[in-house]
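Biologist: Could you show me the model and take me through it slowly, with each term explained as we go?

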Amino acid sequence: MLADAAAKSDDIELKKQELDARMELEGRKLTVQAQKDAVKLAADQEREGTRMGIDIAKSRAQAQQQRNRPTK
């Protein structure tokens, strides 16, 4: 009976350790994914900002060209 209780206690402790390890692994995976998402977001924002800057520069150049055209 005592051996059964000790074996059950060991089994419970082992399951607890497995669960703790699984939770830590999942936590680390989430951290890595969050970091990847943050890097991607920053790159996307920079790319979009560059695209907007190019569009603004094109619009200004077109407006300047129209102002510089001789009127007929």
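Modeller: Let us begin with a definition: a residue is buried under 20% relative accessible area, exposed over 50%, and partly exposed in between, using a 1.4 Å probe and protein chains only. This is a predicted model, in which local features need pLDDT of at least 70 and side-chain atom pairs count only at pLDDT 80 or more, while totals for chains, interfaces and linings use all residues. Residues are numbered from 1 along each chain as its sequence is written, and side-chain values use heavy atoms, with hydrogens and water left out.

Biologist: How many helices and strands are there in the protein chain?

Modeller: Helices (H or I, at least four residues) and strands (E, at least two) are DSSP runs, numbered from the N terminus. Helix α1 covers residues 2-68. Counted in this way, the protein chain has one helix and zero strands.

Biologist: What percentage of the 72 residues is buried?

Modeller: The C-alpha atoms fill a box of roughly 110 × 10 × 5 Å, taken along the principal axes. With the cut-off for burial given above, under 20% relative accessible area, the share of buried residues among the 72 in the protein chain is 0%.

Biologist: How many salt bridges does the structure hold?

Modeller: A salt bridge is a side-chain nitrogen of Lys or Arg within 4 Å of a carboxyl oxygen of Asp or Glu. One of them joins the side chains of K16 and D20, at 3.1 Å from N to O; these two residues lie in helix α1, four residues apart, about one turn of the helix. In the whole structure, the number of salt bridges is eight.

Biologist: Is K40, which meets D44 in a salt bridge, buried or exposed?

Modeller: The side chains of K40 and D44 meet at 2.8 Å, N to O, and the two residues are separated by about one helical turn because they are four residues apart in helix α1. D44 has 25% relative accessibility and therefore counts as partly exposed. K40 has a relative accessible area of 53%, so K40 is exposed.

Biologist: Which residue does R51 meet in a salt bridge, and which residues are joined into one network?

Modeller: The partner of R51 is E48, at 2.4 Å from N to O, and these two are three residues apart in helix α1, which means about one helical turn between them. R51, at 40% relative accessibility, counts as partly exposed, as does E48 at 34%. Elsewhere, salt bridges that share partners make one network of K40, D44 and R47.
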